[in-house]
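Biologist: I would like to learn how to read the features of a fold. Can we take them one at a time?

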Amino acid sequence: MHAKGGRNEMRTMIYASLAMSLLLVSCNSATEKPTEEVKPPAETPVEETSEETTTLPDRESTMDVVVSVEGEDSTITMDLVEGRDALYSMYIDSERYTFKTGEKEDKLMPLDEMPEGYPEVNMTFLYVENQTPESVKEDMEQEYNMQFEENLISAPVNALSLHGTSGEVSDSEVVTIYMMEVDGGTLLIKENYFLEAQEGHGARFEQMLETLEVRK
């Protein structure tokens, strides 16, 4: 009876060991089973909108220009200047003028002071956002108390222009305004001088404007 009992106990132990082994194998199989790689959901390719970028053309830092002032031709070396926000560039006569960019407008001014009592001499550049040359023209006609001659011109720039004088004496104010459609708005260029300076500063302003390039 003792031996039989021992065999039963042995058999029970063997069964238990087998059961434990099977359990371990089952656990190991479950643990070691390679998990399938979870792939992220396929992303729908986003179509890139081809936004047209506008850039200012690359230009040399100086350029020799033949200018004609008061009937005389001369060749001068002009320096490249760039307007606010790289909207435009042009060459200026740095021996006679200085160019400054500002928060609102850029300004070209003579280095020499003007005679006392005479109108200002300068050329200003202002970018008017989201306005057409026609709408800017209406604002200019209200701002100035003078009769303007209106033209569509191709020189010195492609623009809608206004030109007027306050009188016929030497110190009468002369105003020439150019309105160019640029980058969804209007580049407003204003030349200010007096009648006596029309063949001097006026002519030089025009010839410097001929070198103007805008962002494209």
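**Strands, cores and salt bridges**

Biologist: Which residue in β11 is the bridge partner of tyrosine 88?

Modeller: Valine 214 in β11 is the partner of tyrosine 88. The model is predicted, so local features need pLDDT of at least 70 and side-chain atom pairs 80 or more, while totals for chains, interfaces and linings use all residues. Numbering starts from 1 along each chain as its sequence is written, and side-chain values use heavy atoms, without hydrogens or water.

Biologist: How many bridges join β3 to β11?

Modeller: Strands pair through backbone hydrogen bonds. Pairing takes at least two DSSP bridges; strands are E runs of at least two residues, helices H or I runs of at least four, numbered from the N terminus. Here 2 bridges join β3 (88-92) to β11, and the two run antiparallel. The open sheet reads β1-β2-β3-β11. Its edges are β1 (62-69) and β11 (213-214). Helix α3 (198-209) packs on this sheet, touching β1, β2 and β3.

Biologist: What is the strand order in the sheet of 7 strands?

Modeller: The order is β4-β5-β6-β10-β9-β8-β7, with antiparallel pairing. β4 and β7 have a single partner strand each, so one side of each lacks a neighbour in the sheet. Inside the sheet, 6 bridges join β8 (159-165) to β9. Glycine 164 stands opposite valine 175 there. α3 packs on this sheet too, touching β4, β5, β6, β9 and β10.

Biologist: Which residues have the most contacts inside the largest nonpolar core?

Modeller: Nonpolar side chains tend to be buried together in soluble globular proteins. A core is a set of buried Ala, Val, Leu, Ile, Met, Phe, Trp, Tyr and Cys joined through side-chain atoms within 4.5 Å. The largest has 32 residues, led in contacts by Phe125, Met180, Leu187, Ile189 and Leu212. Methionine 180 touches (heavy atoms within 4.5 Å) residues including Pro133, Val157, Leu187 and Val214. A second, separate core has 12 residues, among them Leu160 and Ile177.

Biologist: How many salt bridges are there?

Modeller: A salt bridge puts a Lys or Arg side-chain nitrogen within 4 Å of an Asp or Glu carboxyl oxygen. The whole structure has 8. Glutamate 150 and lysine 137 meet at 3.2 Å. Glutamate 150 is in β7 and lysine 137 in α2 (133-143), so the pair ties together parts 13 residues apart in sequence.

Biologist: Is lysine 137 buried or exposed?

Modeller: Buried means under 20% relative accessible area, exposed over 50%, partly exposed in between (1.4 Å probe, protein chains only). Lysine 137 is buried at 10%. Glutamate 150 is partly exposed at 38%. Lysine 190 bridges glutamate 143 at 3.6 Å. Lysine 190 is buried at 13%, whereas glutamate 143 is partly exposed at 49%. Asp93, Arg96 and Arg204 form one network through shared partners.

Definitions and conventions. Axes are lines fitted to C-alpha atoms, for helices over the stretch in contact, and angles run from 0 to 180 degrees between N-to-C directions. Lists of a residue's contacts leave out its neighbours within four places in sequence.
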